[in-house]
Amino acid sequence: MKLSFFKIHCCSFASLNSQYPIKYPSDKYTQILHFCKSAQLFPAIHLLNTPHFLYQTTSSNKPLLYACLLQTCTKVQSFPHGLQFHAHVIKSGLETDRFVGNSLLALYFKLGPDFREIRRVFDGLFVKDVISWTSMVSGYIKAGKPESSLQMFFEMLGFGVEPNGFTLSAVIKACSVLGKLRLGWCFHGVVMKRGFDSNRVISSALIDFYGRNWQLNEVCQLFDELPEPDTICWTSVISALTRNDLYQEALEFFYLMQRNHGLSPDGFTFGTVLTACGNLGRLRQGKQVHAKVITSGIGENVVVQSSLLDMYGKCGLVDESRRVFDRMSKKNSVSWSALLGVYCQNKDFDTVIRIFREMDKADLYCFGTILRACAGLATVRQGKEVHCQYVRRGGWRDVIVESALVDLYAKCGCIDFAYRIFVQMSNRNLITWNSMINGFAQNGRGEQAISIFDEMIKGGIKPDYISFIGVLFACSHTGLVDEGRKYFTLMTGEYGIKPGIEHYNCMVDLLGRAGLLEEAENLIENADFRENSSLWAVLLGACTTGTSSSTAERIARKMIELAPDYHMSYVLLANVYRAVGRWNDAIKVRELMKDRGVKKITGMSWVETTNNADSCLDVVDMDMPER
């Protein structure tokens, strides 16, 4: 097979050479290698097409020649030309050469349309060395198949091929993605035994692995033991701190690497630091980092730009986020997902759905955000449409999307359907468990919520702040006082989670429903949120079902003192008076409310219609009946 169809390009290159004469080596074989080294594919093909060149080339030179040509095709991203050279390789019988085989594999990895083609090329290699195996191990990770990556690694060991540093770095990455802590420890031991502990690439992979698995002590120890950590190592630590919600510490490391060590941050460093600024709500620092990005000359980096619009969105500047997005010269799935996330975080769910419908082709990563928007609007019909699109697009076994599906159906009252998806999930993260726990709790199935919570702990998943909100809410609506006390103590004692206002609300509601008003009041008095009127409102609501009007009155007075403009303080106190027959006092409270200009907030209910998903009905503000 001759490459004569490239001759059309030769005239243009010939004219260029006549205008700007360049001295090349006299030997054509050396000239082709020179062109390949400088990524000039067409001049190399022109020389290759000269009559009798291939026949005059010795067989010992051909492997290097074709390997360089394949690498050049990869470098200039010319896959059709690479396919032509692949055919020549097969025709010439060079597929048995190790160097040529690895160059072919690299070509298909970088430019191949389908991973199955890559696997076919790999299986067809006559000689598979550590480079070939490492390419496949890392390739499966990039293809989103970390389990297959580990299987390929152990298959490599079965053939007696010893891993190198890049192989170990790849399998450690697979353990990071899968959360396989024990296996990652084993690979760390292999790294130490083989003397790779000073390898910066492996050290960065280990730091990332421990950061993803909440092992910050190991992260700090690894970093401290590095003799001269580079920018990648610093970025890995900053990323690990950000993943573990230690945003302030991440910012401190960012400034430390520049001031004390003179290292320049790269795009990934800036992206991580902007995430930390956004989660802290540090708009001023975020703008400073933005300025640093511009002066560093990486303002066009799509990763940095996506982090910028996410940062502005988390700081509440939605319009600024949109401006960053509109200025982006190159938009990918990450930037579109970030824009959708900005509107979703700021509760503008209608805009999320509108942008999704305007997108030419939505990436699978966008579906999680779209489903959260549907859950926020409680529009199960639109959620089902998105679910169908996800399935038609080939979406399958994505833990983020399937967790969003569980949350959507639970919030829309389709709890059985949510549980069916939950059971079928092969991989569940903490968000998945929390969605199911809260879904059962909010749909009146407290015992099932508690059962799921206990199952999660037995499975080795560590509960977080949200998990305990769900289980305490379940206890309060099921009347399980002893269990509620147990989980509240477990949260503070064993897991070291500081109770928030939501946890106290659930406990006060639980104790109040059980008639334990004194214990509930003591709990509020000893809490850091004792001055928060919502806690007293929950307790006062429990008093409406009791007979102790004096206790209710004392609590209501406390509420009015803390929040004189809060309408529920007056309404609940009046309801207590009415419940015990003190009608005159109820009327006085109503008059006091009018005198102070306190108005009840009009209630609204969402109604999903055929053509509109955000219709609402106003509930008339009814006057309190007078006697």
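Biologist: How many salt bridges does a search of the whole structure find?

Modeller: The search finds 22 salt bridges, each a side-chain nitrogen of Lys or Arg within 4 Å of a carboxyl oxygen of Asp or Glu. This is a predicted model, in which local features need pLDDT of at least 70, side-chain atom pairs count only at pLDDT 80 or more, and totals for chains, interfaces and linings use all residues. Residues are numbered from 1 along each chain as its sequence is written, and side-chain values use heavy atoms, with hydrogens and water left out.

Biologist: Why is the contact of Glu-385 and Arg-357 called a salt bridge?

Modeller: Its N to O distance is 3.9 Å, and the limit is 4 Å, so the pair qualifies. Glu-385 lies in helix α24 and Arg-357 in helix α22, so the salt bridge ties together parts 28 residues apart in sequence. Helices here are DSSP runs (H or I, at least four residues), numbered from the N terminus.

Biologist: What makes Asp-509 buried or exposed?

Modeller: Buried means under 20% relative accessible area, exposed over 50%, and partly exposed in between (1.4 Å probe, protein chains only). Asp-509 has 18% and therefore counts as buried, whereas its salt-bridge partner Arg-513, at 51%, counts as exposed.

Biologist: How do you know that Cys-36 is in no disulfide?

Modeller: A disulfide is a pair of cysteine sulfur atoms within 2.5 Å. The nearest cysteine sulfur to that of Cys-36 belongs to Cys-68, 5.6 Å away, so the pair does not meet the cut-off. The structure holds 0 disulfides.

Terms used
Helices (H or I, at least four residues) and strands (E, at least two) are DSSP runs, numbered from the N terminus.
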